[in-house]
Amino acid sequence: MAEHTIQFVSPRRFYDTATVAETHRRLLAEGHNISENALRGFIRQGILPAVKIGRKSLLYYPNVLKLLMEGTGSVSPDEDRPSYIPARISV
């Protein structure tokens, strides 16, 4: 008889700074029910801070969670976030 080994697939690694699509996948994986279009709308309205690189927007995940949990888009500059992500963007 041939021996079979079971290989476990390592869980997907998520990063704190990610595109809207990657952030949306992470939110769904963690049980948050929000659409990708809603995230894009928050960025367009200036509620959710993001950095545009070409056609893509990068989000800082703790800011997204803060918006979902507290219902506010105000992020103070002294928050624990990378310095290259602005507290608010002008639209």
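Begin by selecting E36, which counts as partly exposed at 26% relative accessibility. The model on the screen is a predicted one, and this tour moves from salt bridges to helices.

**Stop 1: E36 and R40**

Keep E36 selected and add R40. The two side chains meet in a salt bridge, with 2.6 Å from N to O. R40 is also partly exposed, its relative accessible area being 33%. Now display helix α2: E36 and R40 lie four residues apart in this helix, which means that about one helical turn separates them. In general, an α-helix has 3.6 residues a turn, so residues three or four places apart point the same way.

**Stop 2: D16, R26 and E30**

How many salt bridges does the structure hold? There are three, and the pair at the previous stop is one of them. Select D16, R26 and E30 next; these residues are linked in a network of salt bridges.

Look first at D16 and R26, whose side chains meet at 3.5 Å, N to O. This pair links distant parts of the chain: D16 belongs to the segment before β1 (17-19), whereas R26 belongs to helix α1, 10 residues apart. Then turn to R26 and E30, where the distance from N to O in the salt bridge is 3.1 Å.

Is R26 buried or exposed? R26 counts as buried, because its relative accessibility is 14% and the cut-off for buried is under 20%. D16 is partly exposed, with a relative accessible area of 36%. E30 is likewise described as partly exposed, at 41%.

**Stop 3: the buried residues of α2**

Return to helix α2 and select L39, G41 and I43, which are buried. To see what covers the buried residues of this helix, display its surroundings, including α1, β3 and α3. Just after α2, select G46: this glycine takes a positive phi of about 85 degrees.

**Stop 4: helix α3**

Finally, select residues 61-70, which form helix α3. Which residues of α3 are buried? They are Y61, N63, V64, K66 and L67. The elements that cover these buried residues include α1 (20-29), α2 (36-45) and β3 (56-60). With α2 and α3 both displayed, one can note that α3 is among the elements covering the buried residues of α2, and that α2 is among those covering the buried residues of α3.

End the tour at G71, which follows α3 and has a positive phi, near 70 degrees.

Conventions: Residues are numbered from 1 along each chain as its sequence is written. This is a predicted model: local features need pLDDT of at least 70, side-chain atom pairs count only at pLDDT 80 or more; totals for chains, interfaces and linings use all residues. Side-chain values use heavy atoms; hydrogens and water are left out. Buried means under 20% relative accessible area, exposed over 50%, partly exposed in between (1.4 Å probe, protein chains only). Helices (H or I, at least four residues) and strands (E, at least two) are DSSP runs, numbered from the N terminus. Contact means heavy atoms within 4.5 Å. A salt bridge is a side-chain nitrogen of Lys or Arg within 4 Å of a carboxyl oxygen of Asp or Glu.
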